[in-house]
Amino acid sequence: MKKVLVIFGGVSSEHDVSLVSARSVIENIPKDKYEVFTLGITKEGQWLFYTGPVENLPEGAWLKDDNFLTPALLSTDHGRKGLVLFKDDNKVEWLEIDLLFPVLHGKNGEDGTIQGLFEIAGIPYVGCDTLSSAMCMDKAASNTMADYFGIAQAKWLPLSQNDYDLNPDKAASEAESKLGFPLFVKPANAGSSVGVSKVRNIEELHKGLKSAFVHDRKLVLEEAVDGTEVECAVMGNDSPVASVPGEVVPCNDFYDYEAKYICGTSELYIPARLGEEKLEEIKQVALKVYKALGCSGMARVDFFVRKSDGALLFNELNTIPGFTSISMYPKMFESSGLPYSELLDKLLELALEK
């Protein structure tokens with residue numbers, strides 16, 4: 001029986017969402033094939049081996065009982081692959097681990113940093129490798145790659161904090177002339193729409209830029225697309241497969257953090273309410289994006305279908321998509337005939353294959 005370590009939390013603005021996703025993952029990994037262990041990373045960056053009830057994960061309740069917590073770190077010694085546990089009596093124990101399943105959304109989870117550590121440790125892990133994780137997390141990099149491979153997307157501009165600080169009026173004027181209003185301001189490296197704003201004039205643009213720079217020193221500005229938001233789950237290494245596409249109707253002006261996790265009235269449709277030809281196009285372009293960015297294991301590819309002409313426009317790619325009970329990635333594969341537990345089993349098999 002393979003020993004799987006599920007890693008959750010993290011130093012990220014999406015820490016709390018990770019806890020909910022991790023609970024679902026832990027509860028649904030097939031226990032007849034895998035022995036599951038859990039490790040949480042606090043918001044401050046402390047690594048803790050956790051042995052308590054999985055239902056305590058959401059809202060940080062897992063941290064309230066020290067009896068379930070042991071300081072730990074990942075061994076980078078290929079001769080002893082696993083966790084080093086630091087016990088109260090100053091003794092050090094070692095726990096062998098065969099597979100890693102990071103359920104870490106956003107920075108320090110999806111950006112290639114922890115994947116680099118996994119590579120050094122020499123332990124197979126679920127999801128994209130270091131380079132593809134970094135490229136997909138960085139919207140400027142992924143947009144550049146999409147342009148190179150001829151994948152249609154909204155008009156966009158990169159903007160660094162240094163360039164903005166040197167001449168704020170010039171940066172705003174260029175955005176207005178090339179993208180028009182309304183437009184979206186996005187941190188280049190953030191997830192779940194954290195720090196994203198939709199702005200309609202110069203005053204709102206400056207406000208949105210300053211707000212986004214709190215999360216990242218590099219931004220992406222994009223024209224606003226009047227379209228249907230659709231998503232497609234992709235899984236695989238050399239021969240990936242795409243799920244039935246889904247459609248998102250946000251409760252807010254766009255699918256921001258509140259619409260995804262708080263308001264509770266966003267609508268999800270699987271399959272998306274589009275014709276068969278368009279659904280097939282979404283699947284094929286999702287696979288093209290996945291391969292272009294060097295993805296492996298899993299990713300969710302997001303698009304807009306523009307209402308004016310039906311054009312399919314690439315939006316972004318998430319390498320560790322949400323795994324909560326209402327998350328689109330598992331729901332789309334479930335609608336494609338792959339139940340949640342079997343999906344997790346397949347992702348772990350892909351990690352070993354890679």
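In which sense do strand 1 (residues 2-9) and strand 2 pair, and over how many bridges? The two strands run in the parallel sense and are joined over eight bridges; strands count as paired if DSSP finds at least two bridges between them. Helices (H or I, at least four residues) and strands (E, at least two) are DSSP runs, numbered from the N terminus.

The model described here is predicted, so that local features need pLDDT of at least 70 and side-chain atom pairs count only at pLDDT 80 or more, while totals for chains, interfaces and linings use all residues. Residues are numbered from 1 along each chain as its sequence is written, and side-chain values use heavy atoms, with hydrogens and water left out.

**Strand 2 and its partners**

Within the parallel pair, Phe8 stands opposite Gly40 in strand 2. Strand 1, helix 1 and strand 2 together make a right-handed β-α-β unit; right-handed means that, with the strands pointing away from the viewer, the path from the first strand over the helix to the second runs clockwise. Strand 2 also pairs with strand 3, in the antiparallel sense and over four bridges. Here Ile41 is opposite Trp47 in strand 3. These two strands form a hairpin with five residues between them, and Gly45 in the turn has a positive phi of about 95°.

Strand 2 is largely enclosed by the rest of the structure, because six of its eight residues are buried. Buried means under 20% relative accessible area, exposed over 50%, and partly exposed in between (1.4 Å probe, protein chains only).

**Salt bridges**

The whole structure holds 15 salt bridges, a salt bridge being a side-chain nitrogen of Lys or Arg within 4 Å of a carboxyl oxygen of Asp or Glu. Three of the pairs are set out below.

| Acidic residue | Basic residue | Closest N to O distance |
|---|---|---|
| Asp16 | Lys43 | 3.6 Å |
| Glu349 | Lys33 | 3.2 Å |
| Asp309 | Arg306 | 2.8 Å |

Asp16 forms a salt bridge with Lys43. This pair links distant parts of the chain, 27 residues apart: Asp16 lies in helix 1 (residues 15-28), and Lys43 in the loop between strand 2 (34-41) and strand 3 (47-50). Asp16 is partly exposed at 40% relative accessible area, as is Lys43 at 46%.

Glu349 forms a salt bridge with Lys33. That contact joins helix 11 (residues 340-353), which holds Glu349, to the loop between helix 1 and strand 2, which holds Lys33, the two being 316 residues apart. Lys33, Asp345 and Glu349 are linked in a network of salt bridges.
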